[in-house]
Amino acid sequence: MAKRAPPEPEGPDPIELHLCHRCLVRLPVDAGGVDLPRRVREALKAHGLASRTQLIPASCLGHCPTGLVTVLVVPDATARGTHAKLIAPEADGEDLAQHLLQGLAKAGPP
C-alpha cells in the first residue's frame with residue numbers, strides 16, 4: 001500500500017473586504033462610485049495585497065456616510081478584529097490599501 005503525501009499547508013484566510021453597494025450608488029456621479037470596486041482592486045494589487053484579500057459586494061452595511069464608502073474589513077475566518085473602514089472614492093482605494101498594510105505590519109507574519 002502506497003503512502004499518501006501529507007496535505008499541502010493552506011495559506012492564511014483572505015481578508016474579506018465587504019464594499020457597500022448602497023454607498024457607491026449614493027455618491028455623486030463625478031465620484032465614479034460604480035467604478036470604485038475596480039479601482040480598489042487595482043490599488044490592492046499595486047500594494048501586493050491582491051492575493052491576500054477578497055473584495056465582496058455588500059448590499060448595505062447600515063452606516064451611510066456622506067461622500068464616503070463603508071467597507072467592512074473581516075481579517076480572518078474567526079472574524080476577530082472585524083471593523084468598518086470609511087474610504088474616500090477619490091483616493092481610488094489607496095486609503096484602504098494603506099489601512100490594510102498598517103494592520104498587517106502590526107499583526108506580523110502569518
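Asp-35 has a relative accessibility of 27%, so this residue counts as partly exposed. I begin there, in what is a predicted model, since Asp-35 leads into the topic of this talk, a set of charged side chains on and around helix H2.

The side chain of Asp-35 forms a salt bridge with that of Arg-38, with 2.6 Å from N to O. Arg-38 is itself partly exposed, at 40% relative accessibility. Arg-38 also meets a second acidic partner: a salt bridge joins the side chains of Arg-38 and Glu-42, at 2.5 Å from N to O. Both of these residues belong to helix H2, which spans residues 36-46, and they sit 4 residues apart, about one turn of the helix. As a general point, an α-helix has 3.6 residues a turn, so residues three or four places apart point the same way. Glu-42, with a relative accessibility of 43%, counts as partly exposed as well.

Which residue does Arg-39 meet in a salt bridge? The partner is Asp-92, and the N to O distance is 2.4 Å. This pair links distant parts of the chain, for Arg-39 is in helix H2 while Asp-92 is in the loop between strand S4 (83-87) and helix H3 (94-107), 53 residues away. Is Arg-39 buried or exposed? Its relative accessibility is 12%, and the cut-off for buried is under 20%, so Arg-39 counts as buried. Asp-92, by contrast, is partly exposed, at 32%. Taken together, Asp-35, Arg-38, Arg-39, Glu-42 and Asp-92 are linked in a network of salt bridges. For the protein, the count of salt bridges comes to 4.

Let me now place helix H2 in its surroundings. Its buried residues are Leu-36, Pro-37, Arg-39, Val-40, Ala-43 and Leu-44. Viewed down the helix axis, they fall within an arc of 160°, so they line one face of H2. The face turned away from that buried side carries Lys-45 and Ala-46, which are exposed. What do the buried residues of H2 pack against? They pack against S1, helix H1 (21-26), strand S2 (53-58), S3, S4 and H3. After H2 comes Gly-48, with a positive phi near 75°.

I turn next to the strands. Strand S3, residues 69-74, is mostly covered, with 5 of its 6 residues buried. S3 pairs with strand S1 (residues 15-20) in the antiparallel sense, over 4 bridges; within this pairing, His-18 has Leu-72 of S3 as its bridge partner. S3 is also joined to S4 by 5 bridges, and these two strands run antiparallel. There, Thr-70 has Leu-86 of S4 as its bridge partner.

Finally, the protein as a whole. The secondary structure consists of 3 helices and 4 strands, arranged along the sequence as β-α-α-β-β-β-α. Of the 110 residues, 32% are buried. Among contacts between residues at least 6 apart in sequence, 66% join residues at least 24 apart. The protein exposes about 7300 Å², of which carbon and sulfur atoms supply 56%.

To close, I return to helix H2: its buried residues line one face, and its Arg-39 joins Asp-92 in a salt bridge that links distant parts of the chain.

Technical notes:
Residues numbered from 1 in each chain as written. Predicted model: local features only at pLDDT ≥ 70, side-chain atom pairs only at ≥ 80, totals over all residues. Heavy atoms only, no water. Buried < 20%, exposed > 50% of the residue type's maximum accessible area, 1.4 Å probe, protein only. Contact = heavy atoms within 4.5 Å. Areas by Shrake-Rupley, 256 points an atom, 1.4 Å probe, with all protein chains shown as cover. Pairing = 2+ DSSP bridges. Arc of directions from axis to C-beta.
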